Amino acid sequence: MCVAAPGKVIEINGDNAVVEYNGNKINANKGIVDIKVGDYALVHAGLIIQVIPRDEALKMIDIFSELEKL
């Protein structure tokens, strides 16, 4: 099972975006998702699959952070 964690879009270059996860940056294809710098997104297999609201993303980030401490 794969779990997608939210990352913040910090750069867009054509059809690709740079998404940051706790300081780690990955390149992801935007596909058909309408996204802009500052949005939070879920990425699977190098493709942005969903834009999620900031408040929801921050809640998820907090939950994953707590899980890492266990």
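Before you select anything, one definition: a residue is buried under 20% relative accessible area, exposed over 50%, and partly exposed in between (1.4 Å probe, protein chains only). With that in hand, glutamate 66 is partly exposed, with a relative accessible area of 48%. We will come back to it later in the tour.

This is a predicted model, in which local features need pLDDT of at least 70 and side-chain atom pairs count only at pLDDT 80 or more, while totals for chains, interfaces and linings use all residues. Residues are numbered from 1 along each chain as its sequence is written, and side-chain values use heavy atoms, with hydrogens and water left out.

**Stop 1: the strands**

Switch to a cartoon view. Helices (H or I, at least four residues) and strands (E, at least two) are DSSP runs, numbered from the N terminus. Two strands pair if DSSP finds at least two bridges between them.

Start with strand E1, residues 6–13. E1 pairs with E2 in the antiparallel sense over 5 bridges, and valine 9 stands opposite valine 19 in E2. The E1–E2 hairpin has 2 residues between the strands, and glycine 14 takes a positive phi near 65 degrees there.

Carry on to E2 and E3, which run antiparallel and are joined by 6 bridges. Select tyrosine 21 to find its bridge partner in E3, asparagine 24.

Now pick out E4. On one side of your selection list goes E1, joined to E4 by 3 bridges in an antiparallel arrangement; here lysine 8 stands opposite tyrosine 40. Add E5 as well, since E4 and E5 pair in the antiparallel sense over 5 bridges, with alanine 41 opposite valine 51. How many of the 5 residues of E4 are buried? The count is 4, so E4 is largely enclosed by the rest of the structure.

**Stop 2: the core**

Next, show side chains for Val9, Ala17, Val19, Tyr21, Ala28, Val33, Ile35, Ala41, Val43 and Ile48: these 10 residues form the largest nonpolar core. Such a core is a set of buried Ala, Val, Leu, Ile, Met, Phe, Trp, Tyr and Cys residues joined through side-chain atoms within 4.5 Å. Strand E2 (16–21) and strand E4 (40–44) are the elements that give two or more residues to this core. The largest share, 3 residues, comes from E2. As background, nonpolar side chains in soluble globular proteins tend to be buried together.

Zoom in on valine 33 and list its contacts (heavy atoms within 4.5 Å). Leaving aside residues up to four places away in sequence, valine 33 touches Ile48, Ile49 and Val51.

**Stop 3: two turns with positive phi**

Most residues other than glycine have a negative phi. Which residue in the loop between E2 and strand E3 (24–29) should you select? Go to asparagine 22, which is not a glycine yet has a positive phi of about 45 degrees. The hairpin of E2 and E3 that holds this phi value has 2 residues between the strands. Asparagine 22 counts as exposed, at 70% relative accessibility.

Then jump to alanine 45, in the loop between E4 and strand E5 (47–52). Its phi is also positive, near 55 degrees, and the E4–E5 hairpin has 2 residues between the strands. Alanine 45 is exposed, with a relative accessible area of 75%.

**Stop 4: the salt bridges**

The structure holds 2 salt bridges, each meaning a side-chain nitrogen of Lys or Arg within 4 Å of a carboxyl oxygen of Asp or Glu.

Select lysine 36 and aspartate 39: their closest N and O atoms are 3.3 Å apart. Lysine 36 is exposed at 52%, whereas aspartate 39 counts as buried at 14%.

Now return to glutamate 66, which pairs with lysine 69 at a closest N and O distance of 3.5 Å. The two are 3 residues apart in helix H1, and so are separated by about one helical turn. Lysine 69 is exposed, at 62% relative accessibility.

**Stop 5: a surface patch and the chain start**

Switch on the surface and colour Ile63, Leu67 and Leu70, which make a nonpolar patch of about 370 Å². Patches are made of residues with over 30% relative accessible area and no salt bridge, with like charges joined within 9 Å and nonpolar side chains (Val, Leu, Ile, Met, Phe, Trp, Tyr) within 5 Å. Accessible areas come from the Shrake-Rupley method with a 1.4 Å probe; for residues, only the protein chains shown count as cover. Isoleucine 63 is found in helix H1 (residues 54–69).

Finish at cysteine 2, in the segment before E1. Cysteine 2 is exposed, with a relative accessible area of 66%. Draw a distance from its C-alpha atom to that of histidine 44: the separation is 8.5 Å, for residues 42 apart along the chain.
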